Amino acid sequence: MTNLDFLAVTIEIDETGELRNVSSVAEAAEILRQNWPVDRGKELSRARRACLDAMEGTGSLEEARTAFVAAAKEAGILVWNSAWQF
């Protein structure tokens, strides 16, 4: 298995305002499965599939990260995307 770490994405994980830096496909997949604030969504489904594909070697790390960021935006929990340029 190749390295599945990526540039950190910061999300707000619950209503307390607690922040979490997500920096790997495995961590993203776990959060999407267990701690996601919404049950449904087009981007959520896409992110779950992209993370699984990356872990199975049939998808890319970049696709998984991009899909995770989109799902976080959809859920309204994206705080910081370390790939943003200023």
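Below is a chat between a student and a tutor about a predicted model of one protein chain.

Student: Hi! What does the secondary structure of the protein chain come to?

Tutor: Hello! This predicted model has three helices and three strands. Starting at the N terminus, the elements follow the order β-β-α-α-α-β.

Student: How does the radius of gyration fit with the globule rule for 86 residues?

Tutor: The radius of gyration is 12 Å, close to the 12 Å from the globule rule, so the chain is as compact as a globular protein of that length. Along the principal axes, the C-alpha atoms fill a box of roughly 35 × 30 × 15 Å.

Student: OK, on to the sheet. What order do the strands come in?

Tutor: The order is E2-E1-E3, in an open sheet with antiparallel pairing. E2 and E3 (78-81) are the edge strands, each pairing on one side only. From one strand to the next, the twist averages 25°.

Student: And what holds strands together in a sheet, generally?

Tutor: Strands of a sheet pair through backbone hydrogen bonds.

Student: How many bridges join E1 to E2 here?

Tutor: Five bridges join E1 to E2, which covers residues 19-24, and the two run antiparallel. As examples, Glu-12 has Leu-19 as its bridge partner in E2, and Val-9 stands opposite Val-22 in E2.

Student: What lies between E1 and E2 in the hairpin?

Tutor: Six residues lie between E1 and E2. Look for Gly-17 in the turn, which has a positive phi of about 90°.

Student: Which helices pack on the sheet? I'd like to find them in the picture.

Tutor: Try H1 and H3. H1 packs on the sheet and touches E1 and E2, with its direction at about 130° to that of E2. H3 also packs on the sheet, touching E1, E2 and E3, and its direction makes about 5° with that of E1.

Student: Now the inside. How many residues are in the largest nonpolar core?

Tutor: That core has 24 residues. Those with the most contacts inside it are Ile-11, Val-22, Val-25, Leu-32, Trp-36, Cys-51 and Phe-68. Strand E1 (5-12) and the helices H1 (25-34), H2 (42-56) and H3 (61-75) each supply at least two of its residues.

Student: Which of these gives the most?

Tutor: H3 does, with seven residues.

Student: Phe-68 is on your list. What is Phe-68 in contact with?

Tutor: Setting aside neighbours within four places in sequence, Phe-68 is in contact with Val-9, Ile-11, Val-22, Ala-28, Leu-32, Trp-36 and Ala-47. You have met Val-9 and Val-22 already, as residues that stand opposite each other.

Student: Nice link. Changing topic: where is Asn-35?

Tutor: Asn-35 sits in the loop between H1 and H2.

Student: Why do we call Asn-35 partly exposed?

Tutor: Its relative accessible area is 43%. Partly exposed covers the range between buried, under 20%, and exposed, over 50%, so Asn-35 falls in that middle class.

Student: What does Asn-35 touch?

Tutor: Not counting residues up to four places away in sequence, Asn-35 touches Ile-13 and Glu-30. Asn-35 and Ile-13 are 22 residues apart in sequence, and their C-alpha atoms are 7.4 Å apart in space.

Student: Back to the whole protein chain: what share of the 86 residues is buried?

Tutor: Buried residues make up 35%. As for the outside, the chain exposes about 5300 Å², and carbon and sulfur atoms supply 49% of that.

How values were computed: Residues are numbered from 1 along each chain as its sequence is written. This is a predicted model: local features need pLDDT of at least 70, side-chain atom pairs count only at pLDDT 80 or more; totals for chains, interfaces and linings use all residues. Side-chain values use heavy atoms; hydrogens and water are left out. A nonpolar core is a set of buried Ala, Val, Leu, Ile, Met, Phe, Trp, Tyr and Cys residues joined through side-chain atoms within 4.5 Å. Buried means under 20% relative accessible area, exposed over 50%, partly exposed in between (1.4 Å probe, protein chains only). Helices (H or I, at least four residues) and strands (E, at least two) are DSSP runs, numbered from the N terminus. Contact means heavy atoms within 4.5 Å. Two strands pair if DSSP finds at least two bridges between them. The radius of gyration is taken over C-alpha atoms; the globule rule is 2.2 Å times the number of residues to the power 0.38. Accessible areas come from the Shrake-Rupley method with a 1.4 Å probe; for residues, only the protein chains shown count as cover. Axes are lines fitted to C-alpha atoms, for helices over the stretch in contact, and angles run from 0 to 180 degrees between N-to-C directions.
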